[in-house]
Amino acid sequence: MTTETSTGGAPTVDLKLEVVVIPVSDVDRAKNFYGGLGWRLDADFAVGDAFRVVQFTPPGSPSSIHFGKGITSAAPGSASGMYLVVSDIEAARAELVGRGAEVSEVFHRAGPGQPPVSGRHPERGSYRSYATFSDPDGNGWLIQEVTERLPGRVDASATTFASAADLASAFRRAETAHGEYEKQLGHRDEDWPTWYAEYMVREQTGAATAA
């Protein structure tokens with residue numbers, strides 16, 4: 001007998017991914033590594049000798065990581081494919097390298113499933129440029145540059161920017177696009193603040209950004 005479950009209708013309860021658990025062999029070594037990256041230390045507490053949990057949050061991230069003792073049975077170093085999304089991959093890589101992380105050179109893909117090619121995507125295509133690094137146990141992180149979201153990825157009624165750096169990058173992209181828009185107009189756009197605001201919301205929500 002087959003039992004079918006209805007999945008129709010919009011969800012009525014938010015399910016917010018807030019924590020990813022990563023397995024490490026040396027808690028203090030991992031704590032020093034992630035702290036050295038500039039990630040915020042939120043918690044470090046133990047119960048006896050069998051349990052300890054450490055929480056870090058990457059800058060601008062709504063999600064955190066947990067590692068410690070007695071919190072996962074996964075083999076140390078077995079976590080992989082964890083994404084860190086950035087608006088400027090060259091700047092992000094430079095900062096991580098400056099903080100002691102061994103980060104790969106930036107590479108890109110021409111499209112989904114295509115082989116990696118050295119360097120940032122030539123047109124700075126969103127979701128196309130990457131770099132990688134690992135923590136001391138070998139847990140693997142993938143840095144991905146995202147400047148324009150796919151349609152439906154962000155709720156248009158709740159558009160936010162995770163950090164001042166993300167907002168500044170969005171302003172720079174809007175400035176470039178607005179310059180092209182004014183060339184089409186043939187004169188200065190007096191209502192440029194409205195144009196900037198609408199462009200930045202469209203970009204983040206995945207709507208068309210053409211002038």
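How many bridges join strand S6 (residues 107–109) to strand S8 (residues 129–134)? The points below take up this pairing and then the rest of the chain.

1. Two bridges join S6 to S8, and these strands run antiparallel. Within this pairing Phe-107 stands opposite Tyr-130 in S8, which gives you a pair of residues to look for when you place the strands side by side. Please keep in mind throughout that this is a predicted model.

2. S8 also pairs on with strand S9 (residues 140–145), through five bridges and again in the antiparallel sense. Ser-134 stands opposite Gly-140 in S9, and the strands S8 and S9 form a hairpin with five residues between them. In the turn of this hairpin, Gly-138 has a positive phi of about 100°.

3. Stepping back to the whole chain, the secondary structure comes to four helices and nine strands. Read from the N terminus on, the elements run β-α-β-β-β-β-α-β-β-β-β-α-α, so that you can follow the strands and helices in order along the sequence. Among contacts in the chain with a separation of 6 or more, 54% are accounted for by residues 24 or more positions apart.

4. An open sheet of four strands has the order S1-S4-S3-S2, and its pairing is mixed. Strand S1 (19–21) and strand S2 (40–47) stand at the edges, and because each has a single partner strand, one side of each is left without a neighbour in the sheet. Neighbouring strands of this sheet are turned by 20° against each other on average, with direction ignored. As general background, strands of a sheet pair through backbone hydrogen bonds, either parallel or antiparallel.

5. The mixed character of this sheet can be followed pair by pair. S1 and S4 run parallel and are joined by three bridges, with Val-19 standing opposite Ser-64 in S4. S3 and S4, by contrast, pair in the antiparallel sense over five bridges, and the bridge partner of Val-53 in S4 is Gly-68. S2 and strand S3 (residues 51–57) are antiparallel too, with seven bridges between them, and here Arg-40 stands opposite Thr-57 in S3.

6. S3 and S4 form a hairpin with six residues between them, and Gly-60 in the turn has a positive phi of about 75°. S4 is mostly covered, since five of its six residues are buried.

7. Which residues touch the most other members of the largest nonpolar core? They are Tyr-34, Phe-67 and Phe-133, in a core of 26 residues. Helix H1 (27–36), S3, strand S4 (64–69), strand S5 (82–86), helix H2 (89–98), S8 and S9 each supply at least two residues of this core, and the largest share, four residues, comes from H1. In soluble globular proteins, nonpolar side chains tend to be buried together.

8. Tyr-34 deserves a separate look. Leaving aside its neighbours within four places in sequence, Tyr-34 is in contact with Ile-22, Trp-39, Phe-56, Ile-65, Phe-67, Asp-135 and Trp-141. A second, separate core of seven residues includes Ala-177, Trp-195, Tyr-196 and Tyr-199.

9. Helix H3 (residues 164–185) has 22 residues and reaches 30 Å from its first C-alpha to its last, which is close to the 32 Å expected at 1.5 Å a residue. The buried residues of H3 are Ser-169, Ala-170, Arg-173, Ala-174, Ala-177 and His-178, and Ala-177 is also one of the members of the second core. Just after H3, Gly-186 takes a positive phi of about 85°.

10. The loop between strand S7 (116–118) and S8 should be checked by eye, starting from Arg-124, which lies in this loop. Phi of Arg-124 is near 55°, a positive value in a residue other than glycine, and Arg-124 is partly exposed, with a relative accessible area of 33%. Tyr-127 also has its place in the loop between S7 and S8, and Tyr-127 has a positive phi of about 70° although it is not a glycine.

11. On the chain as a whole, buried residues make up 34% of the 211 residues. The accessible surface of the chain comes to about 12900 Å², and 52% of this surface belongs to carbon and sulfur atoms.

Technical notes: Residues are numbered from 1 along each chain as its sequence is written. This is a predicted model: local features need pLDDT of at least 70, side-chain atom pairs count only at pLDDT 80 or more; totals for chains, interfaces and linings use all residues. Side-chain values use heavy atoms; hydrogens and water are left out. Two strands pair if DSSP finds at least two bridges between them. Axes are lines fitted to C-alpha atoms, for helices over the stretch in contact, and angles run from 0 to 180 degrees between N-to-C directions. Buried means under 20% relative accessible area, exposed over 50%, partly exposed in between (1.4 Å probe, protein chains only). Contact means heavy atoms within 4.5 Å. Accessible areas come from the Shrake-Rupley method with a 1.4 Å probe; for residues, only the protein chains shown count as cover. A nonpolar core is a set of buried Ala, Val, Leu, Ile, Met, Phe, Trp, Tyr and Cys residues joined through side-chain atoms within 4.5 Å. The expected span of a helix is 1.5 Å times one less than its number of residues.
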